[in-house]
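Please look through the model below and follow the strands and helices described after it.

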Amino acid sequence: MTAQLLIGPVLRRVDGDRATLWLETSSPAQTRVEVDGAGAGSARTFSAYGHHYALITVEGLAPDSANPYRLYLDDRQVWPEQDSEYPPPVIRTRAADDGAQPVSLVFGSCRKGTPQVSGRWLPPDALDAFSRRLMADPESRPDLLVLLGDQVYADETSTKVRRFLRHRRRNGHQGPADQVVSFEEYTKLYLESWRDPEVRWLFSTVPSAMIFDDHELIDDWNTSASWRADMARQAWWRERISAGLASYWIYQHLGNLSPDELAADPLFQKVTGAEDATDLLRDFGLRVDEPESAENTDVPYQWSFALDVGRTRLIVLDNRCNRVLTPGARAMLPAAEWNWFLDHAHGDYDHLVVGSSLPWLMPPAIHYLEAWNERISESHRPRAAAFGEKVRRTFDLEHWAAFGRSFAALGELFRRLGEGGPDAPGHRVGAGGAYRAPASISVLSGDVHHSYVARADFGHAMATPVYQLTCSPIHNEVPLPLRPLMRVAWWPGVVHAVRGLARTVSVHKPALRWKKLAGPYFGNAVGTLRLDGQVATARIEGTTKDGELHDVSAVSYHP
């Protein structure tokens with residue numbers, strides 16, 4: 001059978017003279033990439049659940065170049081497609097000594113892959129709009145596309161996918177009628193979303209980094225220990241969590257790793273060496289769902305990752321899978337993963353960018369509500385704790401503020417980094433041997449279906465500015481009744497009232513304050529963070545009715 005290209009190629013990491021490209025084929029094949037000028041790589045597909053994938057490492061790329069490439073399956077060119085109306089895909093590398101070269105990151109979250117969902121039409125897709133603009137102006141190509149969660153929606157499916165699911169349910173495959181459960185059903189989500197022509201071209205020519213949020217599995221994934229207990233009672237849940245994590249590992253996580261990290265990943269080596277990796281990945285999906293507890297500090301698998309682009313360090317955190325949900329010891333990251341984060345937050349860089357699917361700095365009234373709820377939910381009085389848990393799950397109170405120790409620890413880390421000095425937790429040494437703080441710290445987030453920019457204030461003269469940049473959704477929408485709530489949650493009077501509620505359960509004011517500089521914006525949008533020397537510039541761009549991008553906000557910050 002002649003192999004066909006189903007999804008991809010998706011350009012993922014570009015590190016020096018190497019790059020990785022991911023793809024899915026219809027049957028086993030030998031894959032090869034050739035880059036004009038310099039660079040080539042090949043790989044045999046690996047198989048799981050009756051599907052076939054390849055991750056190709058291209059080596060020998062020329063520095064400071066942007067060269068077209070071609071993808072071959074069994075010596076047949078399949079990309080770019082013949083007579084394609086789109087520009088040739090390229091792999092762009094940075095200069096060998098790129099310390100002075102600007103870095104550009106485009107980011108966002110929450111993208112449904114079809115224009116119509118559940119009988120309603122969504123506003124224009126911001127990623128489609130960005131792709132069209134890049135086609136017209138290829139010189140504006142960013143260094144990296146950072147997708148911060150909900151790349152697919154397992155629990156809010158399109159009309160086409162629901163038809164497929166109804167057929168499956170009639171033939172004995174258990175699960176909700178409108179939600180995916182099995183690996184085969186998950187593949188339909190990626191096939192639908194990633195074959196969007198504009199997005200497919202964009203993915204083939206701009207490197208990307210990705211992290212999950214809840215909808216890759218199910219809304220409010222790992223909200224609390226009681227949530228997990230309730231889900232475990234669903235007959236279809238074990239297959240759902242196993243298939244969801246296995247498919248995420250294949251479609252998204254693998255591409256986050258550098259070639260050296262892939263070579264050191266035992267699972268990747270086993271999967272690519274197996275004739276059929278189905279059982280390996282099924283068991284993996286079940287095993288890595290076991291969270292850390294106060295008694296067990298092992299992390300089954302680390303989804304967080306880090307990479308450097310020029311003089312910028314990007315650290316992307318898992319806000320979902322490895323949460324510690326033990327009452328009294330709740331944490332956004334388990335201890336081992338937090339220590340890994342601390343290690344990577346130290347080092348020789350100019351700008352620190354933290355990718356967190358959930359915003360660290362929420363509208364202050366919502367922050368205090370979540371902090372109040374955490375305290376109530378952990379009450380020693382059973383009825384109060386049950387009430388708090390019901391409120392948490394009803395209103396999705398599960399952001400950093402609902403993990404108070406983690407919220408405070410992240411702020412303390414940023415404060416220490418921003419103050420610099422010999423006691424700072426690691427920085428590059430400047431002239432004369434003095435430690436220098438980073439030029440900026442930026443937290444990129446999504447999830448909340450609106451966009452805003454906020455600046456943290458640590459209450460003293462700190463050279464390093466710390467910003468929360470939230471951009472969501474790429475292609476979705478927030479219900480109209482919730483929009484006024486998102487606005488008033490910044491109002492001082494409302495914040496004061498909710499803070500008073502939080503004080504009744506001994507919630508103290510955070511060690512920092514934050515102020516909204518732009519937003520909230522409720523349309524579909526993408527964000528861009530440009531880091532040039534000591535200056536960081538953040539832009540949020542929304543879509544017009546005609547599917548074009550327009551500026552919503554722009555802020556610049558520097559020491």
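How many bridges join strand β2 to strand β6, and in which direction do the two strands run relative to each other? This is a predicted model. In it, strand β2, residues 18-25, is joined to strand β6, residues 51-58, by seven bridges, and the two run antiparallel. A single pair can be picked out to find the register: T20 has T57 in β6 as its bridge partner.

These two strands belong to an open sheet of four strands, ordered β1-β2-β6-β5, with antiparallel pairing. At the edges lie β1, residues 5-15, and β5, residues 46-48, each of which pairs on one side only. From one strand to the next, the twist averages 20 degrees.

Further along the chain is a pair of helices. Helix α10 covers residues 335-345 and helix α13 covers residues 404-419; their axes come within 12 Å and cross at roughly 20 degrees. Because angles under 35 degrees count as roughly parallel, α10 is roughly parallel to α13. The crossing of α10 and α13 is right-handed.

The residues that bring the two helices into contact can be listed from each side. From α10 they are W338, F341, L342 and A345, and these meet A409, L410, L413 and L417 in α13. Sorted by class, the contact of α10 with α13 consists of eight nonpolar residues, with no polar and no charged residues.

Definitions and conventions
Residues are numbered from 1 along each chain as its sequence is written. This is a predicted model: local features need pLDDT of at least 70, side-chain atom pairs count only at pLDDT 80 or more; totals for chains, interfaces and linings use all residues. Side-chain values use heavy atoms; hydrogens and water are left out. Axes are lines fitted to C-alpha atoms, for helices over the stretch in contact, and angles run from 0 to 180 degrees between N-to-C directions. Angles under 35 degrees count as roughly parallel, over 145 as roughly antiparallel, 65 to 115 as roughly perpendicular and the rest as oblique. A crossing is left-handed if the near helix is turned anticlockwise from the far one by less than a right angle, and right-handed if clockwise. Contact means heavy atoms within 4.5 Å. Ala, Val, Leu, Ile, Met, Phe, Trp, Tyr, Cys and Pro count as nonpolar, Asp, Glu, Lys and Arg as charged, and the others, Gly among them, as polar. Two strands pair if DSSP finds at least two bridges between them.
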